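Reader: I'm new to this one. Can you walk me through it?

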Amino acid sequence: MRLIYFATTVVLLLITNALQSQTYKPGRISDGQLRMLEQGISEDASAVVLLDAGVSRHHYTTNTGFEVEFRHHCFIKILSEEGLSKANQLIYYWDKEMVGSLKAFTYNLEGKEYIQTKMQKDAIFTEEISKNRLKKTFTLPKVKVGSIIEFSYTISSDRLGYVRRWNFQSDIPVKKSTYKVMVPDYFILKTPQFSGYVPPTRCDRSSEGGAITLGGSQTLSYINQIYHVEANNIPAFIKAPYLSSSKNFISSVYFEISEYRFPNQMAKVFSKTWGNIHAAYRKSEKRIGVSANWRKMDAPSGLFNNNS
């Protein structure tokens with residue numbers, strides 16, 4: 001009996017681990033996978049995020065060099081009339097970034113099967129909200145109480161020093177939130193910083209080898225730095241009336257790239273220190289003929305030290 005119990009436990013653990021590590025292709029999820037996603041959720045909320053998955057990776061192409069690609073994939077279950085607002089989704093991005101591969105699907109249970117409805121392109125709108133900031137809005141079709149909605153997209157950018165901040169929390173409960181960051185060791189990646197009150201349930205760091213082709217037969221090898229952070233069963237973030245911004249209180253993770261060092265090229269510094277801020281001031285003031293001595297007069301000792 002003990003042997004049978006042990007074997008059964010091992011099989012269940014293997015199945016659970018496989019399901020947890022499973023990735024879904026947009027629009028290609030089975031009925032069984034949908035049912036697995038919504039297992040164990042509380043129906044007290046208006047809606048619940050079943051899975052929120054993000055990946056940020058720096059990758060190299062011979063035409064453009066390094067660029068950053070962010071991929072976002074999300075499933076939400078609608079539980080009440082109030083939750084129907086989740087059919088309307090937003091993507092904020094900068095003017096030099098490109099949003100691509102935007103797909104969205106609604107799943108409604110009819111009888112014993114989920115029927116999929118795909119979002120059409122005429123449901124997507126782009127709006128300029130400031131000089132350098134844009135917004136895409138899209139509305140999923142045939143959403144009703146009980147629906148599961150799915151959406152995914154990518155954002156490509158040449159801002160090599162920028163890794164998107166990841167929020168584990170939302171204004172509705174989140175069953176599982178996972179974020180993976182992959183950065184070649186040409187980039188100096190600082191230890192991730194967490195904010196908020198919900199601790200991650202997983203924070204793994206690993207590495208793997210890779211190579212880039214520069215042209216012809218010339219290749220360069222590198223080590224890919226990989227961070228994988230995850231949180232489970234996250235309560236909804238309730239914004240207090242006195243909060244002007246929830247950014248510093250919502251549970252999230254932030255990655256910072258301090259420097260870029262590529263072979264045979266000058267290093268590029270992304271992080272701002274008091275030293276390079278002061279150097280920038282000195283450069284601008286020299287250009288307009290103003291002395292910077294007054295700035296240093298009342299500054300605390302060591303404030304403008306290049307090593308700070």
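Author: We'll go through strands, surface patches and salt bridges. Keep in mind that this is a predicted model.

Reader: Okay, strands. Which residues are on the covered face of β3, and which on the uncovered one?

Author: Strand β3 spans residues 88–94. Gln89, Ile91 and Tyr93 make up the covered face. Asn88, Leu90, Tyr92 and Trp94 are on the uncovered face.

Reader: How many bridges join β3 to β7?

Author: Seven, and the two strands run antiparallel. β7 covers residues 133–139. Asn88 sits opposite Thr139 of β7.

Reader: Back to Tyr92 for a second. Which surface patch is Tyr92 part of?

Author: A nonpolar one, formed with Leu90 and Ile129. Together they have about 260 Å² of accessible area. Tyr92 has 39% relative accessible area, so Tyr92 counts as partly exposed.

Reader: And charged patches? Which residues form the positive one?

Author: Lys25, Arg28, Lys103, Lys118 and Lys121. Lys103 lies in strand β4, residues 98–110. Lys103 is partly exposed because its relative accessibility is 39%.

Reader: New topic. How many salt bridges are there?

Author: The count is 11. One of them joins Arg159 and Glu97. Their closest N and O atoms are 4.0 Å apart.

Reader: Where are those two in the chain?

Author: In distant parts, 62 residues apart. Arg159 is in the loop between β8 and β9. Glu97 is in the loop between β3 and β4.

Reader: Buried or exposed, that Glu97?

Author: Buried, because its relative accessibility is 6% and the cut-off is under 20%. Arg159 is at 31%, so Arg159 is partly exposed.

Reader: What does Lys135 pair with?

Author: Glu127, in a salt bridge of 3.5 Å from N to O. Lys135 is buried at 16% relative accessible area. Glu127 is partly exposed at 40%.

Reader: Now the other sheet, the open one. What is its strand order?

Author: β11-β16-β17, with antiparallel pairing. β11 and β17 are the edge strands, each pairing on one side only.

Reader: How many bridges hold β11 and β16 together?

Author: Three. β16 runs over residues 257–260. Phe187 is opposite Tyr260 of β16.

Reader: One last salt bridge. Which residue does Glu259 bond with?

Author: Arg261, with the closest N and O atoms 2.9 Å apart. Glu259 is buried at 18% relative accessibility. Arg261 is partly exposed at 49%. Elsewhere, Arg57, Glu69 and Arg71 are joined into one network by salt bridges that share partners.

How values were computed: Residues are numbered from 1 along each chain as its sequence is written. This is a predicted model: local features need pLDDT of at least 70, side-chain atom pairs count only at pLDDT 80 or more; totals for chains, interfaces and linings use all residues. Side-chain values use heavy atoms; hydrogens and water are left out. Patches are made of residues with over 30% relative accessible area and no salt bridge: like charges are joined within 9 Å, nonpolar side chains (Val, Leu, Ile, Met, Phe, Trp, Tyr) within 5 Å. Accessible areas come from the Shrake-Rupley method with a 1.4 Å probe; for residues, only the protein chains shown count as cover. A salt bridge is a side-chain nitrogen of Lys or Arg within 4 Å of a carboxyl oxygen of Asp or Glu. Lys and Arg count as positive and Asp and Glu as negative; His and the chain ends are not counted. The place of a charge is taken as NZ of Lys, CZ of Arg, CG of Asp or CD of Glu. Helices (H or I, at least four residues) and strands (E, at least two) are DSSP runs, numbered from the N terminus. Buried means under 20% relative accessible area, exposed over 50%, partly exposed in between (1.4 Å probe, protein chains only). Two strands pair if DSSP finds at least two bridges between them.
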